[in-house]
Amino acid sequence: MSDFSLQFLPLLSWPVVIGLAVLAAAVAALCLLARLRGAWLRALVLGLFVLALTGPILTREQRAVLPNVVALVVDRSASQSLDERTRQTDAARDELSRQIKALGNTELRVVEAGGGVKSGADGTQLFTPLATALSDVPPDRVGGAILLTDGVVHDVPARAAALGFKAPLHALITGREDERDRQINLVEAPRFGLVKQATTIRFRVVDRGPNMPSTAAVILRRDGEEIARTTVPVGELSSLQVPIEHAGVNVVELEAETVPGELSPVNNRAVLQIEGIREKMRVLLVSGEPNAGERTWRNLLKADANVELVHFTILRPPQKGDGTPINELSLIQFPTHRLFDEEINRFDLIIFDRYAQEGLLPAAYFDNMTEFVRNGGAILLASGADYASENSLWGTGLAEILPASPSGNVLYQPYRPEISALGKRHPVTRDLPGGNANPPAWGQWFTTVETKLREGSAVMTGARGDPLLVLAHQGKGRVALLLSDHAWLWARGYEGGGPHVDLLRRLSHWLLKEPDLDEEALRARAVGRDITVERQTMAETAAPVELIGPNGEKVRLALKPEKPGLWSAVYSTDVMGLWRAQDGALQAITNVGPANPREFQDLLSTPDGLKGIAGETGGSVERLATASGLSIPAVRAVGAGSAYGGSGWIGLKRSEASVVQGIDTIPLFAGLLGLALLLGGVTLLWAREGR
């Protein structure tokens, strides 16, 4: 393609040329007015001389027409995998690609888009990838864009001007008009709840499509365990109570029964995470006699803002006979009946610190404490010589749940407490500062109560390797035995001290069932598209874990040791939704992506969401599926300003953009051609005047 243009390069400055032109015009005009012979020829010659002074140049540009750029955006979001949508999308993509390439002088850019975990976007994203694909193309070269989608798009611009090009946008919609689907929507979803109390979830079951039922059965699960089942009216606000059983994250699921013929049950489920928060944990500390370690326990528990401490020290045993009248005593009477009978279940943990049974508590109260533990409570015995004495708590009803029996001897010799092989795998004692050194990098203790282990785990050892700290489960509760009263030496910094705060705090929190300190636990957490599975176990090995995705996909994960007692594995996925890890009776739940992805909230295909912006550009929105099968429109290239669509066809704007490949210039009054014109004019004038 060639374009011609005329340019001027004057031999003199423009003011001089213009002045001479005016002078020549005046002379020519006078000649014409005087009706002199050959006046018109004089004017022509003068005009040639003036034109020669302007330096006229004829320019010819060699141009190459640039191809149109057309974007074909293919929606690969999760909802596009439903029903026949994938097949429809692939068939339309192949046919449209063939037609667009056949137009000639057209560059086709196919964009696979849709959002998902990998993109980090919540919902179907098509216009952002479209803008990226055309970011290097001038607007006048864009011939248009075609979207292959189910119509559920979450990044539609408010106005067509935001597209960045002036060309038609067409949308071809997959799916069927008669689709039906059920979804469950959370209306009120609390983020926090108090442990041992119930919180309320409000929700609504919504049905869309023909011939849908009026009620729906709903199942409520907490951490994968079904806790309630009910029937609710469709379309109306409903509520359920969720008991919060433990601190930390409680994964709650609401699942509505499926409807025959619905698109997918994936949006029949709603997931929320409720952070369990304990009210102040009530701890009863009973000190049998004043001792150096008493203040250590008291300071530790008082420093914890989540602990409500009730502390009694037995200063005056009942057999003490000093003759002082009761009404003159300044000591507070020990409310044994109230604490160990009426209100025992209000406590979370009972600690006996150097306590020996001296007739203060009737046998029935120890039976109450035994049941208290079996029903979910916790008891800690921080013992010294009292546990080996004739008045030991071993001689009460607590013996049924205590994990070690005393021999009656106390070992008085210096030693450094050591973490046992089991202790290195236990969350309470694993990684205690200084514990991995040999010998441990902390101060010495000087007493150990000699015992025989009956059950539980000796996680720390004392003199001669005897059990020092024993942990055990009893029914729903927990029991701990600390068989020395010298932990206070670490608190006082003797020989550099030791991690008494870490040890005693972990110990009390293990007794209070802190989930992070469970010996046998399976945990899962998702960050981006990576799912990290952790298995805490006291065993020497950990079996593979089965990971189950929201679409039923099952993956067997082999775990690798991370540290003693802790095994882990990482799995990457692009599938959003609830993933479940299982290892025998243990299971853990985590959610990949948003808790309730926008992609799954509305699964019905629809042309309505794209009609506005497509109409602004002159494009069209049509369904691919018809009663007779799949109808893929014909593609035509049309000029700017023409209609961009009609019955059975869609149009793409034909661009006229071009690029210059070469330029030729021809000076009109330079060389022999200019000389010939001027001499010819002068000769013609001379011949005319010579007649």
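Six aromatic pairs turn up in this structure. It's a predicted model, and the protein chain runs to 691 residues, 48% of them buried. Below is a quick tour of the rings, one open sheet, one helix and the chain as a whole.

**Aromatic pairs**
- Take Phe352 and Tyr355 to begin with: their ring centres lie 5.1 Å apart with the planes at 45°, so this pair is tilted.
- Phe352 has 1% relative accessibility and counts as buried, because the cut-off is under 20%.
- Tyr355 is buried too, with a relative accessible area of 2%.
- Then there's Trp442 with Trp490, where the centres are 5.0 Å apart and the planes again make 45°, so the label is tilted here as well.
- That tryptophan pair ties together distant parts of the chain, with the two positions 48 residues apart: Trp442 sits in the loop between β20 (418-419) and β21 (445-453), while Trp490 belongs to helix α8 (residues 488-491).
- Trp442 is buried at 1% relative accessibility, and Trp490 is buried with a relative accessible area of 3%.
- Trp445 joins in as well: ring pairs make a cluster of Trp442, Trp445 and Trp490.

**An open sheet**
- Five strands line up as β8-β14-β13-β10-β11 in an open sheet with mixed pairing.
- The edges belong to β8 (192-194) and β11 (225-233); each has a single partner strand, so one side of each has no neighbour in the sheet.
- On average, neighbouring strands of this sheet are turned by 30° against each other, ignoring direction.
- Inside the sheet, β13 (residues 248-256) runs antiparallel to β14 (residues 269-277), and eight bridges join the two.
- If you want a spot to zoom in on, Asn250 stands opposite Ile274 in β14.

**Helix α3**
- Helix α3 covers residues 85-102, which makes 18 residues, and spans 26 Å from first C-alpha to last, close to the 26 Å expected at 1.5 Å a residue.
- Its buried residues are Arg85, Gln88, Thr89, Ala92, Leu96, Ser97, Gln99 and Ile100.
- After α3 comes Gly104, which has a positive phi near 80°.

**The whole chain**
- Secondary structure adds up to 12 helices and 39 strands.
- Among contacts with a separation of 6 or more, 72% are between residues 24 or more positions apart.
- The protein chain exposes about 32900 Å², and carbon and sulfur atoms supply 52% of that area.

Technical notes
Residues are numbered from 1 along each chain as its sequence is written. This is a predicted model: local features need pLDDT of at least 70, side-chain atom pairs count only at pLDDT 80 or more; totals for chains, interfaces and linings use all residues. Side-chain values use heavy atoms; hydrogens and water are left out. Helices (H or I, at least four residues) and strands (E, at least two) are DSSP runs, numbered from the N terminus. Buried means under 20% relative accessible area, exposed over 50%, partly exposed in between (1.4 Å probe, protein chains only). Contact means heavy atoms within 4.5 Å. Accessible areas come from the Shrake-Rupley method with a 1.4 Å probe; for residues, only the protein chains shown count as cover. Two strands pair if DSSP finds at least two bridges between them. Axes are lines fitted to C-alpha atoms, for helices over the stretch in contact, and angles run from 0 to 180 degrees between N-to-C directions. The expected span of a helix is 1.5 Å times one less than its number of residues. Rings of Phe, Tyr and Trp (its six-membered ring) pair if their centres lie within 6.5 Å; planes under 30 degrees apart count as stacked, over 60 as edge-to-face and the rest as tilted.
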